[in-house]
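The following exercises concern charged pairs and nonpolar groups in a protein model. Work through each task with the sequence and the structure in view before reading the solution.

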Amino acid sequence: MNSEFDSDRTLVPESDVSDLNIKCSPQTQRNKQLSNDEESNLKILKEIRKVENEIDRDIRELAKKEVLLKRAVKVLETYSKEVKTLELIEKWRAICQCGMSYLHNSILMKIDRMGGYQEYRKKEMDAAKRQLEYYYDDGIQQQMEDILESPDFFHLPEEEKNEIRDRIDEKVKEAEEEKQKQLKKIESNFQAQDANEMTLEELASKIKVDFSMVYPTQ
């Protein structure tokens, strides 16, 4: 055996190395193939996730737009209802104004036949006074008679009867004072008005109509 080391020689014969390489090569190729497949799969998964994220983002945007569209539809529906309501109000107002104008003209002609507006107002004042006097005079008188002629009053002791009569007399005096105040108030209201004819606003007050609703700009 040669003791010197031969640099060109190897511990494993070349034929054995070649055989080893041939035997290992298919496994190595499979490993490389698997590695390439995994890398491709990862790339595909990333692309899929990217697409999914984009789809989710688009869905959220569409959902927001849907909410906005629904709100817009509700606003339009509400606006349409309001417009329709306003149109009905205007129609009602136009009808009321026509009716008020017709009634106003009719009353003005009747007032002229009565002797004019001042004469009409004087008659109204006299009628208000008569109504007030009836309430205080006849009304209170009737109440007094109901009390004094009642069976309960008849069976009371004379002393209690006198007390009740005194209280009734006091109430009558108070009622008379209040009546005079109200009569003066009626006369003051009559003198305070210096219009030459009945206005639409006065007519509305007499027939219990809200003037501001029928004539909002006046």
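The model shown here is predicted.

**Exercise 1. Classify Glu-187 as buried, partly exposed or exposed, and find its salt-bridge partner.**

Solution.
1. The relative accessible area of Glu-187 is 32%.
2. Partly exposed residues fall between the limits of 20% and 50%, so Glu-187 is partly exposed.
3. Its partner in a salt bridge is Lys-129, with the closest N and O atoms 2.5 Å apart.
4. This pair links distant parts of the chain: Lys-129 belongs to helix α2 and Glu-187 to helix α4 (residues 158–192), 58 residues apart.
5. Lys-129 has a relative accessible area of 17%. Because buried means under 20%, Lys-129 is classed as buried.

**Exercise 2. Decide where Asp-126 and Lys-122 lie and how many residues separate them.**

Solution.
1. Both residues are found in helix α2 (residues 117–148).
2. They are four residues apart, which is about one turn of the helix.
3. Their side chains meet in a salt bridge, at 3.5 Å from N to O.
4. Asp-126 is partly exposed at 25% relative accessibility, and Lys-122 is partly exposed at 40%.
5. A search of the whole structure finds six salt bridges. One of them joins Glu-158 to Arg-165, with 3.7 Å between the closest N and O atoms.

**Exercise 3. Identify the residues that form a nonpolar patch on the surface together with Ile-48.**

Solution.
1. Ile-48 is located in helix α1 (residues 14–114).
2. At 41% relative accessibility, Ile-48 is partly exposed.
3. The patch joins Ile-48 with Leu-42, Ile-44 and Leu-45.
4. Together, these four residues have about 360 Å² of accessible area.

**Exercise 4. Describe the largest nonpolar core and state which element gives the largest share of it.**

Solution.
1. The largest nonpolar core has 11 residues, including Met-100, Tyr-117, Phe-211 and Tyr-215.
2. Two or more residues come from each of α1, α2, α5 (200–206) and α6 (211–214).
3. The largest share, three residues, is given by α1.
4. At least three residues come from each of domain 1 (37–114) and domain 2 (116–214).
5. Tyr-215, a member of this core, is in contact with Gln-97, Met-100, Ser-101 and Leu-200, leaving aside neighbours within four places in sequence.
6. Another core, of nine residues, lies apart from the largest one; among its members are Ile-140, Met-144, Phe-153 and Leu-183.

Note on methods. Residues are numbered from 1 along each chain as its sequence is written. This is a predicted model: local features need pLDDT of at least 70, side-chain atom pairs count only at pLDDT 80 or more; totals for chains, interfaces and linings use all residues. Side-chain values use heavy atoms; hydrogens and water are left out. Buried means under 20% relative accessible area, exposed over 50%, partly exposed in between (1.4 Å probe, protein chains only). Patches are made of residues with over 30% relative accessible area and no salt bridge: like charges are joined within 9 Å, nonpolar side chains (Val, Leu, Ile, Met, Phe, Trp, Tyr) within 5 Å. Accessible areas come from the Shrake-Rupley method with a 1.4 Å probe; for residues, only the protein chains shown count as cover. A nonpolar core is a set of buried Ala, Val, Leu, Ile, Met, Phe, Trp, Tyr and Cys residues joined through side-chain atoms within 4.5 Å. Domain bounds come from an automatic or database domain assignment. Contact means heavy atoms within 4.5 Å.
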